[in-house]
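Trainee: I'd like to learn how to read a new model from the outside in. Can you walk me through one?

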Amino acid sequence: MFEGLGQTALGFVSKYGFVAVAVFTFLEASMLFPLLPSEVVVPGAAALLVRGPVSFALFVAAIVVGTTTGSLFAYWVFGRKGHAAVEGRGGWVNVSESKVERSREWFQRWGESSVLWGRLLPVLRSVISIPAGFSGMARWKFTLYSAVGAAAFGVAITLLVRTGMSLAGIPSP
């Protein structure tokens, strides 16, 4: 499943460049299209688009813009709508009450900084906005932590991809 979706996403990246990266990361972080994790698309997009310092900066900026705006959307939905956004209560997100409660407890245990370091972890990268919205975390802090975490993710993935390509003897595009 991921292979076909991943190829389609990379086709859009090849055609639309950094805008496609921003749109993809927005869709994932907003929970509007969480079916294709960043680990599938972002490394391939980095290999296609990053050729030097300027494209590196643009690539990371696209990830930051997409992830931060998508995260703010999810944060707003769950902060404003709260439990009403959950499907079990007639909302549009299919998350059980028990999972919502566990995420709230988890967020309380690990704290607001989990928004920052959570952007580096698979799965958590997108869903961390839900308990942050439920908890009423300050929007400025949520935005800052999301942007810094997204930048760290973009830099780390890009460096790993470019280093791996160099070690494998694959020339830069």
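Mentor: We'll go from the overall fold to the cavity and then to a few residues. Keep in mind that this is a predicted model.

Trainee: Fold first, then. How many helices and strands are there in the chain?

Mentor: Start by listing the elements in order. Here you get nine helices and zero strands, so the string from the N terminus on reads α-α-α-α-α-α-α-α-α.

Trainee: And what share of the contacts in the chain comes from residues 24 or more positions apart?

Mentor: Take the contacts with a separation of 6 or more and see how far apart the partners sit in sequence. In this chain, 68% of them join residues 24 or more positions apart. Burial is another handle: 42% of the 173 residues count as buried. As for the surface, the chain exposes about 8,900 Å², with carbon and sulfur atoms supplying 67% of that.

Trainee: Now the inside. How many cavities of 30 Å³ or more does a search of the whole structure find?

Mentor: The general idea is simple. Rolling a probe the size of a water molecule over the atoms shows where empty space is left. In this case the search turns up one cavity of 30 Å³ or more, and its volume is about 50 Å³.

Trainee: Which helices each supply at least two residues of its lining?

Mentor: When you read a lining, trace each residue back to its element. At least two residues each come from α2 (18–29), α4 (53–81), α7 (124–127) and α9 (139–167). The largest share, three residues, belongs to α2. Among the lining residues are T25, E28, A29, R119, R125 and F153. By character, the lining divides into four nonpolar, four polar and three charged residues.

Trainee: Let's pick one of those. Is A29 buried or exposed?

Mentor: Check the relative accessible area against the cut-off: under 20% means buried. A29, in helix α2, has 3%, so A29 is buried. Next, look at who surrounds it. Beyond its neighbours within four places in sequence, A29 is in contact with T67, G70, S71, A74, S126 and S129. You can also go by C-alpha atoms: A29 and Y75 are 46 residues apart in sequence and 9.8 Å apart in space.

Trainee: Over to helix α9. What does the side chain of T158 reach?

Mentor: For a polar side chain, look for a partner atom, then for the surroundings. T158 lies in α9, and its side chain reaches the backbone oxygen of G154 at 2.7 Å. T158 has a relative accessible area of 0%, which means it is buried. Leaving out residues up to four places away in sequence, T158 touches A46, V50, F56 and F59.

Trainee: Which backbone oxygens lie by the side chain of R162?

Mentor: Same routine. R162 also sits in helix α9, and at a relative accessible area of 15% R162 counts as buried. Its side chain reaches the backbone oxygen of A47 at 3.5 Å, while the backbone oxygen of V50 is 3.4 Å from a polar atom of that side chain. V50 is one of the residues touched by T158 as well.

Trainee: And L160, buried or exposed?

Mentor: This time the cut-off that matters is over 50%. L160, in helix α9, comes out at 62%, so L160 is exposed. For its place in the fold, go by C-alpha atoms again: L160 and A46 are 114 residues apart in sequence, yet 9.6 Å apart in space.

How values were computed:
Residues numbered from 1 in each chain as written. Predicted model: local features only at pLDDT ≥ 70, side-chain atom pairs only at ≥ 80, totals over all residues. Heavy atoms only, no water. Helix = DSSP H or I, 4+ residues; strand = E, 2+ residues; numbered from the N terminus. Buried < 20%, exposed > 50% of the residue type's maximum accessible area, 1.4 Å probe, protein only. Contact = heavy atoms within 4.5 Å. Areas by Shrake-Rupley, 256 points an atom, 1.4 Å probe, with all protein chains shown as cover. 1 Å grid on protein atoms, 1.4 Å probe; cavity = no way out; pocket = protein on both sides within 12 Å on 5 of 7 lines; lining within 4 Å. Points joined across faces, edges and corners; volume = space filled by probe spheres on them. Nonpolar A, V, L, I, M, F, W, Y, C, P; charged D, E, K, R; others polar. Polar contact = N/O pair within 3.5 Å; in protein donor to acceptor, adjacent residues only side chain to side chain.
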